[in-house]
Amino acid sequence: MRSVAPSASQRYAAAWRQRYRGANTVKAMTGYLLNAGIAMYCLSVSASAIAADDFSLSSPSFEDNGKLAVKNAGNDKSNPNCVGENISPPLEWKNPPAGTKSFAFILFDPEGRAGLGVVHWVAYGIPASVTRLVEGEASKPSEKFRGGKGTRNLDTYSGPCTPPGDWHHYTFTLIATDLDPTTLQPGMTRDELLAALSGHAKGAAGLIGRFRHQ
């Protein structure tokens, strides 16, 4: 009769029977499994707590690397690739780094202009007390932020105008800074803003929205 090698679980049980013989075997094994279960639970809770404390940016309307809605696209009637309503998506963030006094936003399309890139939005001076922008709020001037200057010289959100068939990746970057919200003057370009934030950035969170139209 051909012998069958014991399984991993059988070898594990045999090892415990060898170690804990007699009347206390069940009690010992139960205690071990209980303690192991508690340890695993604590590790999972700790990992969840660490993840929950990360500085993060999200949107109720699309997942990271998800598709932006058509209404989020640009509405420049002189450009046939602008097929939307220029409504900015809602944005939310949490757990900024300690010492954060204000936030800055940059929306950039690296594939735009045949790879030269397009800056769709620059904003800064967002008070640390602000934790979200509702849908459409970035599409118009707001007391919550100071408008910079994008590629089209706009100081508010400018939605995608993607060529037909191409997927472009619109990267929302939220930068936590130690600058007072009133420090920087309106009208700065992306490069000017990044230079001004040198030595004042506390951390960043990102979110990507993809878009194309047929």
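## Leu91 and its contacts

In this predicted model, Leu91 touches Leu57, Ser58, Ser59, Phe105, Trp121, Thr131, Arg132, Leu133, Phe172 and Leu207, a list that leaves out residues up to four places away in sequence. Several of these names return in the description of the nonpolar core that follows.

## The nonpolar cores

The largest nonpolar core holds 25 residues, and within it Leu57, Leu91, Trp93, Phe105 and Trp121 are those that touch the most other members. Two or more residues each are given to this core by strand 3 (91-94), strand 4, strand 5, strand 8 (168-177) and strand 9 (201-211), and the largest share, 4 residues, comes from strand 8. Apart from this core lies another one, of 12 residues, which includes Tyr124, Leu184, Met188 and Leu193. As a general background, nonpolar side chains in soluble globular proteins tend to be buried together.

## Strand 5 and its partners

Strand 5, which spans residues 118-127, is mostly covered, with 9 of its 10 residues buried. Strand 4 (residues 102-109) runs antiparallel to strand 5, and 7 bridges join the two; within this pairing, Ser102 has Pro127 of strand 5 as its bridge partner.

Strand 5 is also joined to strand 7 (residues 146-147), again in an antiparallel arrangement, by 2 bridges. Here Tyr124 stands opposite Arg146 of strand 7, and Tyr124 is also among the members of the core of 12 residues.

Note on methods:
Residues are numbered from 1 along each chain as its sequence is written. This is a predicted model: local features need pLDDT of at least 70, side-chain atom pairs count only at pLDDT 80 or more; totals for chains, interfaces and linings use all residues. Side-chain values use heavy atoms; hydrogens and water are left out. Buried means under 20% relative accessible area, exposed over 50%, partly exposed in between (1.4 Å probe, protein chains only). Two strands pair if DSSP finds at least two bridges between them. A nonpolar core is a set of buried Ala, Val, Leu, Ile, Met, Phe, Trp, Tyr and Cys residues joined through side-chain atoms within 4.5 Å. Contact means heavy atoms within 4.5 Å.
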